[in-house]
Amino acid sequence: MNESLQNNQSLKLLPNPEDSSRKQLLVLFWLFALFLFIFELFWAKTDSLLSNFGAVLITITSLFPSYLWCSGKVMGMPILPLSALSFTGTCALPLVTNNHQISSYSPESQFFASLTIAGFLALSTFVWYISVKSIPPLPKSYRVLNHRKGDILFLSVLALGNLFLIANTGGWFSTEGGIFTAIRATILGLVAIASFVLSYRFGSQDLPNKYSWLFICLLIGFIVNNTVSFLLVGATTIFLISIVGFIFGSKKVPILLIITVVLCISFLHYGKGEMRSKYWFSSDEIIYFQPWEYPQLYTEWVGHSWDYLNKEDRGYIPESDEKESFLERSSIIQMLMLAQEKSPKSIPYLYGKTYSILPELLVPRVFNSNKITSHEGTILLNLHYKNQPDREAASITTIGWGLLAESYANFGLLGCAGLGIISGFVYGKVTRWSINAPILSVQSLIAVIFMTFAFQSEWSAGVYVTALFQSIFVICAIALVLMKTYRVNSFTII
């Protein structure tokens with residue numbers, strides 16, 4: 001029998017956009033935007049006005065969705081704002097930082113790529129805005145997970161995620177085969193949901209005291225264990241997802257915490273190259289780390305970062321890698337410029353070749369033992385544009401393209417426009433679906449998954465769709481087994 005949502009404290013809804021945190025977010029937005037524009041206009045390391053103007057154009061279009069969300073002019077989860085914001089670091093700033101991957105292209109090529117990105121962002125924002133500018137009518141009922149079950153489930157997920165990372169880093173089990181890939185994607189997707197939900201409940205002070213400290217310890221542990229792989233994007237994503245959940249719950253912005261973590265991640269980045277060179281490429285065998293070795297490992301990492309900043313003891317990094325900054329390594333705009341320079345003049349478009357593999361990727365590996373990997377689309381792109389000599393090299397080292405460059409490689413500007421319409425429509429509908437939904441409802445959890453993937457700027461369509469399908473499948477399984485249907489009578493947003 002259905003239960004009522006009314007007066008049920010375990011079924012709090014996401015707060016409306018008129019809360020006090022919006023003012024703090026708006027102040028942070030303007031400060032961040034001011035810093036970006038000053039940097040691009042006055043601290044730029046390029047002599048090309050076209051590159052400067054292109055960077056500013058990308059920044060304006062990438063920041064506009066965030067402005068709409070921070071000011072409360074749109075509702076729901078900030079899925080598109082986060083996705084658009086990622087283009088600032090991956091496309092705008094690399095244009096004005098003397099990026100050696102970009103400087104080989106003419107200012108005209110850089111500006112054309114900037115126009116393409118700005119047009120894509122403007123189109124996707126317009127389509128998205130149509131869906132989120134107003135509050136939808138409430139449904140008759142929601143499928144919701146009880147908060148007691150949710151707390152235990154998501155704390156267990158975080159604990160399992162930590163155990164998985166420790167075991168994977170320590171080489172406790174085989175990491176070969178599609179089953180491992182599926183398990184990893186499922187666990188990491190669940191960890192993102194758990195981090196958001198528990199951060200929300202922690203911020204709203206609804207998480208019992210006996211669980212609060214456990215949650216904080218598990219979250220910090222997951223970030224630390226994830227970083228041991230020398231890949232900072234996973235830990236950064238979980239942190240940002242947790243911050244968004246905390247802001248929703250507490251209606252406050254933890255400015256000091258955000259600044260502290262950003263500084264720590266930026267600091268570790270400078271020593272990341274040497275750690276990878278030593279532990280990834282110095283031996284043909286995989287080097288594993290046990291938990292008791294972490295303190296020594298991080299001490300070494302901090303030392304390399306400090307030496308890098310002081311220009312000391314950087315001898316064994318390859319020269320090409322040594323000169324790369326954070327923005328150079330995160331840049332993907334050069335892939336779009338590569339596709340625009342080569343296609344269709346010397347290299348034809350792919351005409352949907354990287355999209356045609358999507359149906360096969362959605363078939364579980366138990367039904368197809370010869371199933372291709374989710375990175376097949378990226379491999380096809382790199383081989384087609386001769387970034388890598390053969391399939392073996394492309395399978396070992398992944399050169400990310402991102403959805404926009406992939407769309408151009410397939411269909412040119414028409415593909416970019418199509419991607420803008422599709423992404424704006426999908427993000428808009430998912431966001432609208434979650435507006436005013438209970439935090440533990442199916443709608444909110446699916447929106448969190450989309451928000452998590454919004455940070456993944458280098459993914460191709462194959463990786464994105466596969467990870468999304470696996471994560472939504474898990475949420476649907478939770479909905480069927482653990483959730484209950486609650487009728488919507490009359491209630492106010494808490």
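**Cysteines, a buried serine and the nonpolar cores**

In this predicted model, C217 is exposed, its relative accessible area being 52%, and this value counts as exposed because it lies over the 50% cut-off. A second cysteine, C476, has a relative accessibility of 36% and is therefore classed as partly exposed, since that class covers values between the limits for buried and exposed residues. When the whole structure is searched for disulfides, zero are found.

A contrasting case is offered by S83, a residue of helix 3, which spans residues 79-92. With a relative accessibility of 14%, S83 is counted as buried, because the limit for that class is under 20%. Once residues up to four places away in sequence are set aside, S83 touches Y427 and A454.

Attention may now be turned to the nonpolar residues of the interior. In soluble globular proteins, nonpolar side chains tend to be buried together. The largest nonpolar core in the model comprises 110 residues, and the members that touch the most other members are I117, F154, F196, I333 and W401. The greatest contribution to this core comes from helix 6, formed by residues 178-203, which supplies 10 residues. Apart from the largest core lies another one, made up of 12 residues, including V228, F230, F289 and Y294.

The surroundings of I333 can be described in further detail. If neighbours within four places in sequence are left aside, I333 is in contact with I58, T90, C91, L95, I102, A113 and I117; of these partners, I117 is itself listed with I333 among the residues that touch the most other members of the largest core.

Definitions and conventions:
Residues numbered from 1 in each chain as written. Predicted model: local features only at pLDDT ≥ 70, side-chain atom pairs only at ≥ 80, totals over all residues. Heavy atoms only, no water. Core = buried A, V, L, I, M, F, W, Y, C linked by side-chain atoms within 4.5 Å. Buried < 20%, exposed > 50% of the residue type's maximum accessible area, 1.4 Å probe, protein only. Helix = DSSP H or I, 4+ residues; strand = E, 2+ residues; numbered from the N terminus. Contact = heavy atoms within 4.5 Å. Disulfide = S-S within 2.5 Å.
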